[in-house]
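Got the viewer open? Let's walk through this one stop by stop, starting with the whole assembly and ending on single side chains.

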Protein chains: 2
Amino acid sequence: MRFGVNYTPSVGWFHSWLDFSASDTARDLEAIASLGADHVRIFPLWPVVQPNRTLIRPSALQDVATVVDLAGSFGLDVNVDALQGHLSSFDFVPSWLDSWHRRNMFTDPDVVASTAAYVRALAAAVADKPNLLGITIGNEVNQFAHAPHPAPHDITAEQGHVWAAAMVAAARDGLSAGSAASAASSASVGLEARLDPAPSVASGTGSRPGPLVTVAQYDAAWYDDAQPFGPEHAADHGDATVTHSWVFNGSAALHGALGAGSVRHGEYLLQLAAAWNRDPARPNWLQEVGAPTNVVDPVDAAAFTEQTIRHVLSAQQVLGVTWWCSHDVARSLADFPELEYDLGLFTNDGRLKPAGQAFSAVARAESVRDPSPSAAPPATALVLDDVLPDGAVRHGTRADCAPGGRFAAAWLALAEAEPDGRGPQVVLRSRLSDTALLAARGIEHCVDVPSDLDTTTVRVAHPATTP
Amino acid sequence: MRFGVNYTPSVGWFHSWLDFSASDTARDLEAIASLGADHVRIFPLWPVVQPNRTLIRPSALQDVATVVDLAGSFGLDVNVDALQGHLSSFDFVPSWLDSWHRRNMFTDPDVVASTAAYVRALAAAVADKPNLLGITIGNEVNQFAHAPHPAPHDITAEQGHVWAAAMVAAARDGLSAGSAASAASSASVGLEARLDPAPSVASGTGSRPGPLVTVAQYDAAWYDDAQPFGPEHAADHGDATVTHSWVFNGSAALHGALGAGSVRHGEYLLQLAAAWNRDPARPNWLQEVGAPTNVVDPVDAAAFTEQTIRHVLSAQQVLGVTWWCSHDVARSLADFPELEYDLGLFTNDGRLKPAGQAFSAVARAESVRDPSPSAAPPATALVLDDVLPDGAVRHGTRADCAPGGRFAAAWLALAEAEPDGRGPQVVLRSRLSDTALLAARGIEHCVDVPSDLDTTTVRVAHPATTP
């Protein structure tokens with residue numbers, strides 16, 4: 001079980017890439033390591049690294065590599081996100097993809113080839129780092145693919161698959177090429193290592209699998225039937241299924257900040273993710289979760305944090321949880337949605353906040369758990385109606401899963417009724433007959449959503465439009 | 001008469017601000033100085049300097065100041081443009097003004113205040129440089145104010161005046177504050193200098209007026225009646241009236257690359273500018289003119305350059321001409337319109353091109369001319385019908401002025417018929433009764449546009465949409 005923190009630089013937020021300071025970064029990373037975290041997730045800004053479609057700045061790649069090294073010196077592994085893209089309400093789109101040069105981000109051949117070149121170069125730049133946790137294609141890139149984005153690059157689900165596959169391939173290419181280059185430059189490494197396409201790196205805590213490649217999406221992928229990137233994009237690409245849990249999506253409004261529907265929202269997303277995985281052993285990663293002040297009173301933030309993580313720990317096949325975020329945004333920076341200023345586990349000037357204390361206590365206690373727990377997974381699974389009785393794909397499945405939707409309400413009721421406090425697994429109706437899959441997942445009982453369920457539908461908020 | 005060059009860095013184009021290299025810059029500036037140029041115009045990228053609305057990066061301002069110093073070491077004065085904004089088809093808009101944070105660039109109070117803060121800070125950063133020629137609010141910012149921009153920030157002409165006045169005031173504030181700060185830090189300067197609101201700086205070539213503040217517009221200001229920024233915005237704000245001459249606007253298509261309507265286009269714009277000036281002594285600056293390969297064959301570039309500048313020299317009250325541009329764009333950079341790669345007086349690797357030889361020859365021969373030539377201005381003026389017979393403002397005046405329009409055709413016919421080869425001045429019908437103005441301008445004969453003129457209307461091309 002990995003405990004990590006999304007790293008928001010205390011000086012200059014992500015604009016600090018324009019004035020990269022190794023010492024500022026080291027101070028922040030030292031603070032993060034003091035929490036007992038084992039990894040950070042970092043976010044280069046796309047237009048800073050690739051300002052022209054065919055110019056990928058070596059110095060920007062070097063800065064990213066330096067952050068990975070600095071993190072390693074504090075015992076932290078690092079996940080590097082490529083396409084930002086979108087961060088905390090701000091879009092960072094290169095000039096070659098905007099305005100007069102606007103082309104579809106996901107389908108234009110030149111754009112896709114050059115975007116892949118960036119992902120590949122970034123992966124290659126950090127491929128040989130022993131503390132590289134992985135490469136994420138970009139932060140919630142699916143935000144750009146549909147409304148309510150103010151200028152969406154609309155695509156079909158199939159086009160989303162083609163794009164995601166291309167980006168994952170680019171990241172893997174970069175990891176292989178970077179490792180090979182590093183190996184080739186090291187006299188002590190034999191030919192086999194240089195030719196090994198699947199890099200395997202050793203961290204300070206022993207050998208581990210090669211860096212993960214992942215695709216990150218905001219929760220419209222799970223909750224909005226109109227969003228072209230959906231559960232299959234999360235579950236079918238890369239090495240783990242990534243979820244981002246933000247209770248300003250309606251959960252807290254419906255259930256209260258400390259209501260079960262809020263503090264179990266991360267757990268619920270992990271169970272949804274597991275339902276769509278084709279491989280029962282595929283890990284699920286709660287890559288973002290935080291306590292947004294627009295719906296979680298600061299006095300409840302520590303309790304929210306502790307309870308959220310406790311519930312996450314009760315799910316099976318959890319790779320880890322990565323809290324958003326390390327440091328509050330400086331009030332001297334303008335235009336962030338109010339809640340974005342206060343998501344840090346540390347204040348902007350470095351004081352540990354109650355939520356940080358709570359995170360740290362759980363991380364220190366739980367990080368020593370066996371990554372393959374002997375405890376059996378939840379034996380009950382709630383059936384998600386992804387198909388109609390005739391087997392056709394059913395539209396509306398994702399709305400059912402959204403906060404207040406029929407499926408979400410049923411899952412929550414079942415979770416709260418379980419004597420051991422562990423929420424049920426989720427199984428797709430389309431896979432109910434796959435007895436081998438159910439057995440491998442440890443599913444013993446399948447339960448249908450009650451037909452007489454009372455539900456309240458809420459509109460899922462987009463992260464950039466939250467009050 | 002000033003001869004200058006718009007400086008396009010040979011390494012990394014304007015993205016070089018992200019990897020500022022004093023030595024690369026010095027090599028380019030040395031080459032520019034070798035032409036006999038006396039100034040350069042430089043272009044910081046707005047989102048690089050002000051990535052957050054309330055974050056103006058000191059190191060970016062320092063880089064700009066360093067370029068000014070480097071230029072000074074080669075005997076070059078420098079004009080600094082603030083809001084880029086737009087350059088060679090690419091828009092650079094900060095994330096705090098785009099997408100989820102989009103607000104009207106010209107009228108939103110927070111945006112205008114913060115934009116002014118940037119202009120002020122940039123001016124202050126270079127105010128004490130003895131070789132500062134001036135501050136331009138930004139490169140052709142009027143492109144953002146109307147169609148055909150793909151996402152225009154539509155405004156009225158009056159809103160354009162309020163905005164331009166605010167930006168000019170901000171630049172002047174910055175120049176005063178920067179000079180005062182510099183004076184205060186110099187023990188040898190007395191109290192009076194510190195309190196002087198109008199900085200007067202001495203250059204290596206003797207005393208000269210304080211830095212100019214100017215507003216630059218693309219030629220829709222002169223030719224498109226729908227463009228909210230018009231001739232009055234050019235003539236009523238700042239210290240000189242700026243024109244940008246690009247014969248891909250229809251001139252070359254109508255007249256041929258070396259036709260009079262092309263090689264006199266810069267001269268014509270300067271005469272149009274002079275017509276709108278309220279002060280007959282106000283200088284006019286041809287701040288951009290180049291030989292675009294989509295309409296000027298490279299074999300004609302030198303002749304086009306030489307003839308264009310010769311005609312400019314025949315106009316009155318010309319502050320100078322600043323050629324676009326110093327260096328070809330590297331072919332390794334993608335997505336520029338084809339013509340943008342070849343506008344340099346030098347190739348990207350620093351070889352002088354025939355147009356550069358032509359520019360250099362004229363600059364060396366003519367830069368020694370008295371800035372207040374004893375030669376009388378052209379005695380004939382063509383009357384521009386800016387008002388209807390009843391005195392009301394006449395819509396369509398700008399279309400008449402556009403290439404192929406009635407007024408443009410009449411001016412060109414008159415210019416070609418003049419025995420001395422100097423194009424006529426232009427006088428507004430609304431000012432015909434101002435005999436003092438006409439006398440001060442040296443206008444002796446006023447001529448109406450012939451009523452039986454044959455004209456061909458052409459659509460004025462936007463610079464970012466040229467083939």
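Keep in mind that this is a predicted model. Begin with both chains on screen: turning chain B by 180°, with 0.0 Å of shift along the axis, lays chain B on chain A at an RMSD of 0.0 Å. That is how a two-fold axis relates copies. To find the axis, select B:Leu18, whose C-alpha comes closest to it among the residues of chain B, at 3.6 Å.

Next, select the interface. Chain B brings 36 residues to the contact and chain A brings 36 residues. The copies meet through the same surface, because 100% of the interface residues of chain B are also interface residues in chain A. About 2900 Å² is buried between the two chains, with 56% of that on carbon and sulfur atoms.

Now turn on polar contacts across the interface: 22 residue pairs between chain B and chain A are in polar contact, both residues at pLDDT 80 or more. On the side of chain B that touches chain A, α2 (46-49) and β5 (90-91) each supply at least two residues. Colour that side by type and you get 15 nonpolar, 14 polar and 7 charged residues.

Which side chain of chain B does the side chain of A:Ser89 contact? Zoom in on B:His101, 2.7 Å away in a polar contact. A:Ser89 sits in the loop between β4 (86-87) and β5 (90-91) of chain A, and at 2% relative accessibility A:Ser89 counts as buried.

Salt bridges are the next stop. Between chain B and chain A there are 6; one of the pairs to select is A:Arg103 with B:Asp335, at 3.1 Å from N to O.

Over all chains, the structure holds 48 salt bridges. Try A:Arg120 and A:Asp173, whose closest N and O atoms are 3.7 Å apart. This pair ties together distant parts of the chain, helix α4 (residues 109-126) and helix α5 (residues 157-184) of chain A, with the two residues 53 apart. A:Arg120 is partly exposed at 32% relative accessibility, and A:Asp173 is partly exposed at 43%.

Finish in chain B with B:Arg310 and B:Glu306, a salt bridge at 2.7 Å, N to O. Both are in helix α12 (residues 301-313), and because they are 4 residues apart, about one helical turn separates them. B:Arg310 is partly exposed at 37% relative accessibility, as is B:Glu306 at 28%.

How values were computed
Residues are numbered from 1 along each chain as its sequence is written. Chains are lettered from A and ligands numbered from 1 in the order in which they are written. This is a predicted model: local features need pLDDT of at least 70, side-chain atom pairs count only at pLDDT 80 or more; totals for chains, interfaces and linings use all residues. Side-chain values use heavy atoms; hydrogens and water are left out. Buried means under 20% relative accessible area, exposed over 50%, partly exposed in between (1.4 Å probe, protein chains only). A polar contact is a pair of N or O atoms within 3.5 Å; within protein, one must be able to donate a hydrogen and the other to accept it, and residues adjacent in sequence count only if both atoms are side-chain atoms. Copies are superposed by least squares on the C-alpha atoms of residues with pLDDT of at least 70 in both. Contact means heavy atoms within 4.5 Å. Buried area is the accessible area (1.4 Å probe) that two parts lose on being put together, summed over both. A salt bridge is a side-chain nitrogen of Lys or Arg within 4 Å of a carboxyl oxygen of Asp or Glu. Ala, Val, Leu, Ile, Met, Phe, Trp, Tyr, Cys and Pro count as nonpolar, Asp, Glu, Lys and Arg as charged, and the others, Gly among them, as polar.
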